Every structure is written in structure tokens, then in C-alpha cells.
Amino acid sequence: MPQGSVLGPLLYLPYTAHLPTMADSPAANFADDNAVLTTHEDTAIATHRLQNNLNKIQLWLKKWHMKVNETKSVQVTFNLKKNTCPPVQLNNKQLTQPEEVKYLGTHLDRKASWLGGQSS
């Protein structure tokens, strides 16, 4: 399908309806934007959960002959502390960890100030 076509989103949704998710790492999907979320007090455990989910997604993408643009994929640690989760990889490429990310037109920063949180 050409990008921007009317049928593109309608055909994309059923094609990706079975994108793997895990109970401890739910996904938020809108059109072709996908976000995988995971939480834990221990950054190593949160990272392990996220990496497990990304590995399953990577296998699924390969099975269905789909490609992901790793340069548009990022990892953001949201917390009020200075802790950053260890990096994760997608297709053997380490994801960048920006201070801010834009998702569905909303700018989210790692201190969750968009939620009215207080920085420490």
C-alpha cells in the first residue's frame, strides 16, 4: 500500500492484530505507532521484561516478513530519579535513550513532567 492511502490503515490493523504482547509489558497501538510499556522498581527487571517482549516482536516481524525502522524506535525511562534502565536492542541494534519522546503528538519527558510530577 502506498503511504498515506485510505486503505493503508484499514489493512494494517488486521495484519498486526496479533503482534505479541506479554502480561508484564502491554502494548499501546495506534495506526502504525506502537509503544511497549513495562514497569518495575528495579530498572534491570524492567529492562529484562522489555527486552523479552522486543525479542518476541522481532521474531513475529521476521515470520510475517515485516520490517521495523530501528532508527525511529527509542527507549525512554520514565521516573523522578536519575536512574536509567540499561539499554535494549531491536534487531541487534541498541535503541537510543532520549530525554524526551513524541508519541501521538504529545511530548513526554523522562521526568514525567507532563503528568505534573515533581523533579527530584
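Begin by selecting helix α2 together with the elements that cover its buried residues, which include α1 (7–15), β2 (33–36) and β3 (89–90). The model on the screen is a predicted one.

**Helix α2**

Colour residues 43–63, the 21 residues of α2. From its first C-alpha to its last, this helix reaches 30 Å, close to the 30 Å expected at 1.5 Å a residue.

Which residues of α2 are buried? Show the side chains of Thr43, Ala46, Thr47, Leu50, Gln51, Asn53, Leu54, Ile57, Trp60 and Leu61, for these are the buried ones. While viewing them, recall that an α-helix has 3.6 residues a turn, so residues three or four places apart point the same way.

**The two ends of α2**

Move next to Asp42, which caps the N-terminal end of α2. A side-chain oxygen of Asp42 lies 2.8 Å from the backbone nitrogen of Ala44; a distance label between these two atoms will display the cap.

Then go to the other end, where His65 follows α2. His65 is placed in the loop between α2 and β3. Its phi is near 55 degrees, a positive value in a residue other than glycine. Most residues other than glycine have a negative phi. Is His65 buried or exposed? With 74% relative accessibility, His65 counts as exposed.

**Lys81 and Arg110**

Stay in the loop between α2 and β3 and select Lys81, which also has its place there. Lys81 has a relative accessible area of 56% and is exposed, because the cut-off for that class is over 50%.

Now add Arg110, found in the segment after β6 (106–109). Lys81 and Arg110 are 29 residues apart along the chain, yet 9.4 Å separates their C-alpha atoms. Why does Arg110 count as buried? Its relative accessibility is 9%, and buried means under 20%, so Arg110 falls in that class.

To see what surrounds Arg110, leave aside its neighbours within four places in sequence and display its contacts: Val76, Thr77, Phe78, Asn79, Lys82, Asn83, Thr84 and Glu99.

**Leu104**

Select Leu104 in the loop between β5 (100–103) and β6. Although Leu104 is not a glycine, its phi is positive, at about 55 degrees. How exposed is Leu104? Its relative accessible area is 44%, which makes Leu104 partly exposed.

**The whole chain**

Finally, return to a cartoon view of the entire chain. Its secondary structure comprises two helices and six strands. Followed from the N terminus, the elements run α-β-β-α-β-β-β-β. Along the principal axes, the C-alpha atoms fill a box of roughly 45 × 25 × 25 Å.

What share of the 120 residues is buried? Buried residues account for 25% of them. Switching to a surface view displays an accessible surface of about 8,700 Å² for the chain, with 57% of it belonging to carbon and sulfur atoms.

Contacts may be considered next. Among those between residues at least 6 apart in sequence, 48% join residues at least 24 apart.

As a last selection, colour the charged residues: the chain has 12 positive and 9 negative charges, and the mean positions of the two groups are 6 Å apart.

Definitions and conventions: Residues numbered from 1 in each chain as written. Predicted model: local features only at pLDDT ≥ 70, side-chain atom pairs only at ≥ 80, totals over all residues. Heavy atoms only, no water. Helix = DSSP H or I, 4+ residues; strand = E, 2+ residues; numbered from the N terminus. Buried < 20%, exposed > 50% of the residue type's maximum accessible area, 1.4 Å probe, protein only. Contact = heavy atoms within 4.5 Å. Areas by Shrake-Rupley, 256 points an atom, 1.4 Å probe, with all protein chains shown as cover. Lys, Arg positive; Asp, Glu negative; His and termini not counted. Charge placed at Lys NZ, Arg CZ, Asp CG, Glu CD. Expected span 1.5 Å × (residues − 1). Polar contact = N/O pair within 3.5 Å; in protein donor to acceptor, adjacent residues only side chain to side chain.
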